[in-house]
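Visitor: I would like to go through this model and hear the reasoning behind each label.

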Amino acid sequence: MFLELTEEQRLIRDTARAFAAAELAPLAAKLDRDGDRPAFVANLKKLAQLGFMGLDVSATYGGSETGAVAFSVAMTEIARACASTAVTVSVNNMVCEVIEAIGSQEQKERYIPCICSGDCIAASFALTEPGAGSDPAAMVTTARRDGDHFILDGTKAFITSAPYAGVFVVWAVTDRDAPRGEGISCFLVESGTPGLIIGKEEDKSGQRASATCSVTFEACRIPASALMGELNRGFRVAVGELAGGRIGIGSLALGIGLAAMDFATSYAAQRSQFGQKISKFEAIRFMIADAYTELEAARLLLMQAAYRNEAGKSFAKEASMAKLYATEAANRACYKAVQMLGGYGYLGDFPVERYARDVRVTSIYEGTSEIQRLIISRAILDGLS
């Protein structure tokens with residue numbers, strides 16, 4: 001049974017918590033409101049210097065090599081202060097992990113240290129398309145071989161960190177005649193490559209400090225050496241990496257939910273109505289009990305998925321369970337937090353309003369709740385055959 005963090009994992013958690021409280025929390029509302037990009041980027045670089053951009057990456061390439069459990073607890077602590085920063089850290093870690101898993105030695109040495117050190121401010125995971133969100137196998141972006149190069153054409157949507165990413169991991173169809181889900185390859189494309197066009201930043205409801213854009217490739221010529229892994233075998237890589245990413249997003253959601261309930265509970269202990277603190281009322285106490293119980297259950301699911309990942313065991317089903325439950329529990333917690341503050345919970349002067357906006361997308365990106373339920377049920381039913 002896995003119940004306690006190791007000394008190293010506690011150190012990672014405590015370091016993330018201290019940095020989040022000192023550097024992220026004081027700026028979070030301003031970043032959400034004004035989009036102060038220099039301040040946002042400065043904090044990303046500080047996190048890189050602390051080793052948070054490659055937590056589950058080998059030290060050979062500049063990673064911290066602390067594992068998936070440490071990554072999960074760090075994501076939770078960062079998200080408690082600033083969800084926009086947390087999602088950027090999560091994507092950076094995903095990109096480093098996929099490059100280490102299938103990249104060539106040259107690719108590993110070229111890109112991973114750059115991301116881990118903060119020299120590359122961020123990296124982007126370019127999978128989703130306007131017509132291929134929950135169904136990535138339906139992508140239409142193509143990569144055509146042309147001598148010693150590939151030519152990319154197509155558009156990706158909802159790409160995190162696109163304006164300031166140093167490198168993009170891009171999936172494209174390389175064999176149009178292949179069966180569905182096959183004939184897809186993975187490429188590394190550097191920012192500034194001719195034909196790579198970054199669209200306008202989306203006007204999002206939450207996680208507003210993190211840039212999300214469309215990315216278009218118009219006759220974008222990249223060297224054949226940009227191919228990562230095997231030709232026509234990239235889709236399996238994407239699906240596998242999404243499982244690890246779901247631990248990150250579930251952990252992020254947990255952090256938001258905890259932040260919302262911590263604030264609301266403290267507020268309830270001070271706010272008086274009908275001659276007593278509202279924390280004395282059974283309705284408020286039930287909200288507190290239910291929310292913290294669900295968030296603790298989410299934490300245990302996330303730890304189980306992260307532990308299995310770190311131990312080299314199958315973890316896709318467990319990651320989907322953790323992501324599904326954590327994101328929905330966090331959404332419910334933020335709803336309760338707003339309700340506990342009453343009208344004040346709807347005002348931007350109080351952070352629970354931002355938490356409620358930030359948490360909503362967690363049950364959508366990295367696979368919607370509906371997709372998680374399909375993955376979970378398929379794994380259970382396949383186990384019967």
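Guide: Start with a definition. The bend at a residue is the angle between two fitted axes, one for the seven residues ending there and one for the seven starting there. Bear in mind that this is a predicted model.

Visitor: What makes L24 in α1 a kink?

Guide: The angle at L24 is about 50°. The proline P26 comes shortly after that point.

Visitor: How do you know that the span of helix α1 agrees with its number of residues?

Guide: Helix α1 covers residues 7–34, 28 residues in total. The expected span is 1.5 Å times one less than the number of residues. That gives 40 Å, and the end C-alpha atoms are 39 Å apart, so the two agree.

Visitor: What follows α1?

Guide: G35 does, with a positive phi near 65°.

Visitor: Which residues of α1 are buried, and what do they pack against?

Guide: Buried are Q9, I12, A16, F19, A20, L24, A28, L31 and D32. L24 is thus both the site of the kink and a buried residue. The packing partners are α2 (37–49), α3 (68–81), α4 (83–102), α7 (282–310) and α9 (351–360).

Visitor: Why is A157 called buried?

Guide: Buried means under 20% relative accessible area. A157 has 10%, so the label applies. A157 sits in strand β3.

Visitor: What does A157 touch?

Guide: Leaving out residues up to four places away in sequence, A157 touches T128, E129, P130, C213 and S214. T128 is 29 residues away along the chain, yet the two C-alpha atoms are separated by 5.5 Å.

Visitor: How do you know where empty space is left?

Guide: A probe the size of a water molecule is rolled over the atoms, and that shows it. The largest pocket has a volume of about 1200 Å³. Its lining has 41 residues, and T128, I364, Y365, E366 and G367 are the closest to its centre. Elements giving two or more residues to this lining include β3 (149–160) and α6 (234–270). The largest share, 6 residues, comes from α6.

Visitor: What makes up that lining by class?

Guide: The largest pocket is lined by 22 nonpolar, 12 polar and 7 charged residues.

Visitor: What about the second largest pocket?

Guide: The second largest pocket has a volume of about 370 Å³. Of its 22 lining residues, L5, R13, V73, E77 and R299 lie nearest the centre. The largest share, 7 residues, comes from α7. By class, this lining has 11 nonpolar, 3 polar and 8 charged residues.

Conventions. Residues are numbered from 1 along each chain as its sequence is written. This is a predicted model: local features need pLDDT of at least 70, side-chain atom pairs count only at pLDDT 80 or more; totals for chains, interfaces and linings use all residues. Side-chain values use heavy atoms; hydrogens and water are left out. Helices (H or I, at least four residues) and strands (E, at least two) are DSSP runs, numbered from the N terminus. Buried means under 20% relative accessible area, exposed over 50%, partly exposed in between (1.4 Å probe, protein chains only). Contact means heavy atoms within 4.5 Å. On a 1 Å grid over the protein atoms alone, a cavity is a set of points where a 1.4 Å probe fits but cannot get out, and a pocket is an open set with protein on both sides within 12 Å along at least five of seven lines; lining residues have an atom within 4 Å of a point. Grid points are joined across faces, edges and corners, and a volume is the space filled by probe spheres set on the points. Ala, Val, Leu, Ile, Met, Phe, Trp, Tyr, Cys and Pro count as nonpolar, Asp, Glu, Lys and Arg as charged, and the others, Gly among them, as polar.
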